[in-house]
Amino acid sequence: METTDAFIGLTCVDCGETFDADEGTHRCPDCGGILDPDYDYDEIDVSRADLESRPFETMWKYAELLPFTRESAVTMDEGATPLVECPNLAEEMGVGRVLFKDEGRNPTGTFKDRGQTMAVTAAAQHGATDIALASAGNAGQSAAAYAARADLESHVFLPTRAGFTNKAMVNVHGGDMTVVEGRIGDAGAAYADAMEEEDDWYSVKTFVTPYRHEGKKTMFYEIAEQMDWEVPDAIVYPTGGGVGLVGMHKAATEFRDLGLTDDLPSMYAAQATGCAPIVKAWDEGKDVHEAWETPDTICGGIEIPDPGASPLILDALRESDGGAVATSDEDILDSAVAVAQKEGLEMGATCAAAASGAWELAQQGEFGEDDTVVILNTGEGNKDDDVLRSHLMGMGI
Ligand SMILES: *Cc1c(COP(=O)(O)O)cnc(C)c1O
Ligand SMILES: [Zn+2]
């Protein structure tokens with residue numbers, strides 16, 4: 001495999017066993033735990049000036065801190081997204097600055113591309129011919145795109161309620177799509193059955209491949225560099241499986257330990273009240289979630305009732321002195337419209353849980369008046385134009 005100098009392999013977050021990247025390809029062979037890429041940080045010799053001297057045009061500029069070399073990557077120059085100032089939101093929330101990390105400007109319109117560039121690169125290096133996953137929608141679209149680029153077959157399992165754009169674009173990329181009646185759990189069950197049958201399918205599913213959260217680390221690297229190496233006080237993230245939150249917290253710890261930044265940002269998990277297993281576990285002081293029995297939210301990307309990485313998410317919230325917040329679908333859709341009208345920026349329904357959560361946290365007095373709050377906009381608004389427009393209709397507009 002064409003790995004970077006510092007990458008030493010994978011560590012199981014449950015049993016602590018370590019594996020070579022050739023032998024541990026997915027979950028821990030010993031106990032089934034999540035594998036986490038590990039580095040010899042003494043091998044990483046990179047300064048602020050080194051990073052600043054490289055053009056800001058792809059997330060692969062941070063390759064020393066990633067498992068694979070830029071030359072070996074299956075990439076479409078994902079990442080390098082803008083961090084947009086939102087003065088009107090800052091004023092309304094009573095904080096110093098609100099910054100909007102706009103992940104809608106990625107190749108397939110969401111931050112899922114940062115995870116798929118990494119996972120599909122791993123698949124290609126492991127010699128896979130076929131990749132497979134179950135997804136609420138955006139990850140499936142992204143996987144189909146990266147598989148196309150790497151000349152692999154993709155097998156994508158989506159629930160009926162996945163967005164039309166997602167389904168259409170899986171077809172357009174030439175993916176093999178199975179639409180399963182029901183919700184993400186039903187799509188997951190159909191995927192699991194198919195994986196039993198198909199020995200040569202390589203999974204790129206959330207926290208089954210060790211590499212998706214690794215790709216999402218780059219969101220934090222970029223935020224730190226875009227803020228001239230100051231760390232924001234808070235990052236509010238619309239949380240489903242927590243891949244991005246866990247990745248950004250890992251990245252913040254790495255940058256701090258390498259001396260590139262001084263602090264950790266407080267990480268906040270924003271969920272919808274109709275499916276908020278992380279918020280419930282956080283409020284009850286638990287280390288692990290309980291599965292949410294009847295998930296029901298219009299925010300499909302975060303309608304994840306049983307997030308297997310909840311211990312990692314809850315650790316990140318605790319270690320970073322952050323928190324968790326849930327708001328209603330009504331408030332979330334109102335927030336998407338408010339951001340579009342006050343700042344011009346477009347957020348999808350799922351993504352707007354972060355804006356709505358930030359508003360709620362501001363109201364609860366969680367932020368100081370000089371704080372810098374980053375709202376992670378995970379995807380573009382016009383994938384959800386129908387949902388947002390019909391919300392206006394519900395208001396008689
Ligand atoms: C997948 C997704 C999320 C949730 O991401 P996790 O890292 O799994 O918590 C949030 N927003 C959008 C738009 C998504 O597609
Ligand atoms: Zn293990």
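In this predicted model, helix α3 passes helix α4 in a right-handed crossing, where right-handed means that the near helix is turned clockwise from the far one by less than a right angle, and left-handed that it is turned anticlockwise. Helices here are DSSP runs of H or I with at least four residues, strands are runs of E with at least two, and both are numbered from the N terminus. The model being predicted, local features need pLDDT of at least 70 and side-chain atom pairs pLDDT 80 or more, while totals for chains, interfaces and linings use all residues. Residues are numbered from 1 along each chain as its sequence is written, chains are lettered from A and ligands numbered from 1 in the order in which they are written, and side-chain values use heavy atoms, without hydrogens and water.

**Helix packing**

Two packed helices are described by the angle between their axes and the distance between the axes. Axes are lines fitted to C-alpha atoms, for helices over the stretch in contact, with angles from 0 to 180 degrees between N-to-C directions. For α3 (residues 112-125) and α4 (residues 138-150), the axes come within 9 Å and cross at roughly 40°. That makes α3 oblique to α4; angles under 35 degrees would count as roughly parallel, over 145 as roughly antiparallel and 65 to 115 as roughly perpendicular, with the rest oblique.

Helix α8 takes part in two further pairs. With α7 (residues 212-226), α8 packs at an angle of about 55°, the axes being 7 Å apart, so α7 is oblique to α8. The crossing of α7 and α8 is right-handed. With α10 (residues 310-319), the axis of α8 comes within 9 Å and crosses at roughly 45°; α8 and α10 are therefore oblique to each other, and their crossing is left-handed.

**Around ligand 1**

Helix α8 (243-257) also has a part in the ligand site: together with β10 (234-238), each supplies at least two residues of the shell around ligand 1. The shell holds 16 residues, the closest being Lys 112, Tyr 237, Gly 240, Gly 242 and Thr 378, where a residue counts if one of its heavy atoms lies within 4 Å of the ligand. Six are nonpolar, nine polar and one charged.

Here are the polar contacts of ligand 1, pairs of N or O atoms within 3.5 Å:

| Ligand 1 atom | Protein partner | Distance |
|---|---|---|
| oxygen | Asn 138, side-chain N or O | 2.8 Å |
| oxygen | Gly 241, polar backbone atom | 3.0 Å |
| nitrogen | Thr 378, side-chain N or O | 2.8 Å |

The protein covers 94% of the 390 Å² of accessible area that ligand 1 has on its own, by the Shrake-Rupley method with a 1.4 Å probe.

**Two backbone details**

Ala 80, not a glycine, has a positive phi of about 55° and is found in the loop between α1 (48-53) and β4 (83-85). Phe 207, also not a glycine, has a positive phi of about 55° and lies in the loop between β9 (201-203) and α7.

How values were computed:
A polar contact is a pair of N or O atoms within 3.5 Å; within protein, one must be able to donate a hydrogen and the other to accept it, and residues adjacent in sequence count only if both atoms are side-chain atoms. Ala, Val, Leu, Ile, Met, Phe, Trp, Tyr, Cys and Pro count as nonpolar, Asp, Glu, Lys and Arg as charged, and the others, Gly among them, as polar.
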